[in-house]
Amino acid sequence: MFKKILIANRGEIALRVIRACREMGIQSVAVYSEADRESMHVRMADEAYCIGPAPAKQSYLNFEAILTAARISQAEAIHPGYGFLSENADFAEVCGANGIVFIGPSASAIRKLGYKSAAKALAREASVPVVPGTQGLVDEHFMKEAQAVGFPVMVKAASGGGGKGLRLVRDPKDLEAQLKLAQSEAQAAFGDGSVYIEKFIERPRHVEIQIAADNFGNVVAFPERDCTVQRRHQKLIEESPSPKVTPEIRAKMQEAARKLALTAKYSNVGTVEFLLDPNGNFYFIEVNTRLQVEHPVTESVTGLDLVNTQIRLAAGEKLPFDQARASEIHFHSIEHRINAEDPDNNFAPSPGKISEVIFPGGCGVRLDTHIYSGYTVPSFYDSLIAKLIVFSSDRNNAVKRSLRALSELQTPGVKTTRDFHKKVLSHQDFISGDFDTSFVEKYFLPANH
Amino acid sequence: MKTEEIKEILNWVKSTDLTQVSLKEKGSGFGFSTSEHADESFAEMPAPRYQCVSAPAIGTFHWSQPGRPQKVEEGISLPAEEALGYIETLPGKTVPVKTPSSGKVARILVEESSPVAYGQALIFIEPDGK
């Protein structure tokens, strides 16, 4: 096992890794930017080094500074957390070249799964269902191809992004006109008018499967996390198990995720994301080749420690539990991402000094946070200030516990999404579990819908 | 004042918003600035006496490479942009440490081959004409 690990991250996730290290008897090394001098991870780690100025590019994304910190502290491994360098195949490779273990999958696995088109091809190879669509770009046989996919369809720009060149077509008679519009829009936006057609998934939920794999060909898949409550593709609430996933669907999703991991020769932890339609069909979207923000949900449901597991796997150990153990569901768990943002002002960041902090507590409450009374939330990084995770015997009780714990959390000085979470939790569709990825936009952001 | 005490004060200053500090104890003392641009509210005050040369990168500090000028000692005068030493980051990679202005070396806080963090105070210079 490693004697010393450097954590190339900040905020709550840096603390999460430091805590795992301490329990495992491993020394921890924090790195920080000038803006994070007063940060809790700097105080909590066994050693800490300032690596650069506030902008992430010069600090938390700076390969040379991070690897130098590892060299002078004699750390044997680097935990990248999430975000920053966690899915950077080049960084994983450079770590290896400098004799340092990157705690995550291999650079080649990150490359294979990190790019959407390559990952989708790999999913097809592993017989994992993907969103049906044209294999390549659209030609003169577009109507035949669209009918094979099945209406409604989405016309998407090959070089797309940001909603440009995107057209929903429900009626075959509109296809030709919409296709031409999408092509000219894509040409104007990206200088490339090529488009492809994909099946439009109605009322989808975002459901993902956590996996863990060792270097000996063992892969386990955990119970799903439902991350359907999103705002502009940013997850706000994650829960497990999903209110709409049956044991049969769960087993199929876990099997699909395991097959994909085996096909990609994946090692360490990762997450396979799917869209789930109201009929129980699911479609692969992408793989996150790292620890997820919402990993505590799975930890609360199963009672297993994913960061501890991650470190063991990176050190070359075998998976410490089997599929049967990984599948156990002991609780219902919900996670709330508390961001320093102003929900009344289009979720604009709200950095500043938190004059006093009151943390929630009690039975079934976990708070992963780096904030403290007097802490100043810097404006340079993402606005996540805390993750409130609750767990209880069932969903109904977990929701009640969330509402109770959210009310206890006080962070005067900065605006947060706390009350927004309470509103979402009190909505009848959330309570019934009957909602899809448009839920937040539909009921809480009417101006944007 | 002892070097260790100065280091401690510097670390404290870095945890605040202060850019300039003057300190007097038993008749002697020092002043320094962490910013090149003095705050306007300081316009009436005498300019800080010492300038801090801080580490431009994390790494291992070394005095000037072979062939460079004399070993830096307290009391010697140096021109501006003089390469005092360098910081070794990764094998074969270095970042130079240069004097920000011409002046006299007032205090050396760093030792040969010691690890330094980004922004760590290495040397104090008393700029010429101050």
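This is a short guided tour of a predicted model, to follow in your viewer one selection at a time.

**Stop 1: the domains of chain A**

Start with chain A and colour it by domain. Domain 1 covers 4-103, domain 2 covers 142-199 and domain 3 covers 205-448. Now look at the first two of these: the C-alpha centres of domain 1 and domain 2 of chain A are 43 Å apart.

**Stop 2: helix H9 of chain A**

Next, select residues 247-263 of chain A, which form helix H9. From the first C-alpha of its 17 residues to the last, H9(A) reaches 24 Å, close to the 24 Å expected at 1.5 Å a residue.

Which residues of H9(A) are buried? Show the side chains of Arg250(A), Met253(A), Gln254(A), Ala256(A), Ala257(A), Arg258(A), Leu260(A) and Ala261(A) to see them. To find what these buried residues pack against, add helix H6 (116-125) and the strands E9 (205-213), E10 (219-221), E13 and E14, again in chain A. Before leaving the helix, click on Lys265(A), which follows H9(A) and has a positive phi, near 50°.

**Stop 3: the hairpin of E13 and E14**

Two of the strands that H9(A) packs against deserve a visit of their own. Select residues 268-276 of chain A for strand E13, then residues 282-288 for strand E14. The two strands run antiparallel and are joined by six bridges. For one pairing to look at, pick Leu275(A), whose bridge partner in E14(A) is Tyr283(A).

Five residues lie between the strands of this hairpin, and Gly280(A) takes a positive phi near 85°. Is strand E14(A) mostly covered or mostly uncovered? Mostly covered: five of its seven residues are buried.

**Stop 4: where chain B touches chain A**

Now bring chain B into view. Here 13 residues of chain B are in contact with 14 residues of chain A. On the chain B side, the residues that touch chain A comprise six nonpolar, five polar and two charged ones.

**Stop 5: Ile125 of chain B**

Finish inside chain B by selecting residues 121-127, strand E10, and zoom in on Ile125(B) within that strand. Why does Ile125(B) count as buried? Because 25 other C-beta atoms lie within 10 Å, and 20 or more are enough for a residue to be called buried.

Beyond its neighbours within four places in sequence, Ile125(B) is in contact with several residues, including Tyr50(B), Gln51(B), Val53(B), Thr99(B) and Val105(B). As a last step, draw a distance from Ile125(B) to Ser54(B): the C-alpha atoms are 11 Å apart in space, while the residues are 71 apart in sequence.

Conventions:
Residues numbered from 1 in each chain as written. Chains lettered and ligands numbered in written order. Predicted model: local features only at pLDDT ≥ 70, side-chain atom pairs only at ≥ 80, totals over all residues. Buried ≥ 20, exposed ≤ 12 C-beta atoms within 10 Å, placed from the backbone. Helix = DSSP H or I, 4+ residues; strand = E, 2+ residues; numbered from the N terminus. Pairing = 2+ DSSP bridges. Contact = placed C-beta atoms within 7 Å. Nonpolar A, V, L, I, M, F, W, Y, C, P; charged D, E, K, R; others polar. Domains from an automatic or database assignment. Expected span 1.5 Å × (residues − 1).
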